[in-house]
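Me: I am new to this structure and would like a close look at a single part of it. Please pick one strand and follow it outward to what surrounds it.

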Amino acid sequence: MFILLIALEDLLNQMDGLNKYVINYGAGVVEKVEARDIFEVQELVQERITYTGENISIRGVENADGEHTVSRWYPIQPQTQEELDDVLVQLGAFGYYSKWI
């Protein structure tokens, strides 16, 4: 019965158009979420970013076809125009996370 409920939950998620993703914030912090696409997850992460000093990655699982994206951590204040253009989130003097690649 339990296996049937899990299968039914997975089927409902597929019908809702939701995909499963794993967010790795670095420093041992991992979160599993469901979203329509990886862009929705990126927006969620951007709202939740805090300082870890580590890169943040999003990896699609199951329905998401293994999509993968990374926001890199740079422990500096952006100085050049190229660095300024690459900022996703600035965390004061600690550094910044880059736009998703």
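**Strand E1 and its surroundings**

Reply: Start with strand E1 in this predicted model. Seven of its eight residues are buried, so E1 is largely enclosed by the rest of the structure. The strand runs over residues 19-26.

Now look at its partners. E1 pairs with E2 in the antiparallel sense, over seven bridges. The two strands form a hairpin, with two residues between them. Ala27 sits in that turn and has a positive phi of about 55°. E1 also pairs with E3, again antiparallel, over five bridges.

Asn24 is a good place to see both pairings. Its bridge partner in E2 is Val30. In E3, Asn24 stands opposite Ser57.

A word on strands in general. Side chains in a regular strand alternate between the two faces of the sheet.

Next comes the core. The largest nonpolar core has 17 residues. Tyr21, Ile23, Val41, Val45, Ile49, Ile56 and Ile58 touch the most other members. Several elements contribute. E1, E2 (29-35), helix H2 (38-48), E3 (56-61) and E6 (87-91) each supply at least two residues of this core.

Take Ile58 as one example. Setting aside neighbours within four places in sequence, Ile58 is in contact with Tyr21, Val22 and Ile23, among others. Its contacts also include Ile38, Val41, Gln42 and Val45. Further along the chain, Ile58 touches Glu67, His68, Thr69 and Trp100.

Finally, follow E2 and H2 to the charged side chains. The structure holds two salt bridges. In one of them, the side chains of Arg48 and Glu31 meet at 2.3 Å, N to O. Arg48 lies in H2 and Glu31 in E2, so this pair ties together parts that are 17 residues apart in sequence. Both ends have some access to the outside. Arg48 is partly exposed, with a relative accessible area of 39%. Glu31 is partly exposed too, at 22%.

The other salt bridge joins Arg36 and Glu40. Their closest N and O atoms are 3.4 Å apart. Arg36 counts as exposed, at 55% relative accessibility. Glu40 is partly exposed, with a relative accessible area of 27%.

To retrace the path, begin at E1, with seven of its eight residues buried. Cross to E2 over seven bridges, or to E3 over five. From E2, the salt bridge between Glu31 and Arg48 leads on to helix H2.

How values were computed
Residues are numbered from 1 along each chain as its sequence is written. This is a predicted model: local features need pLDDT of at least 70, side-chain atom pairs count only at pLDDT 80 or more; totals for chains, interfaces and linings use all residues. Side-chain values use heavy atoms; hydrogens and water are left out. A nonpolar core is a set of buried Ala, Val, Leu, Ile, Met, Phe, Trp, Tyr and Cys residues joined through side-chain atoms within 4.5 Å. Buried means under 20% relative accessible area, exposed over 50%, partly exposed in between (1.4 Å probe, protein chains only). Helices (H or I, at least four residues) and strands (E, at least two) are DSSP runs, numbered from the N terminus. Contact means heavy atoms within 4.5 Å. A salt bridge is a side-chain nitrogen of Lys or Arg within 4 Å of a carboxyl oxygen of Asp or Glu. Two strands pair if DSSP finds at least two bridges between them.
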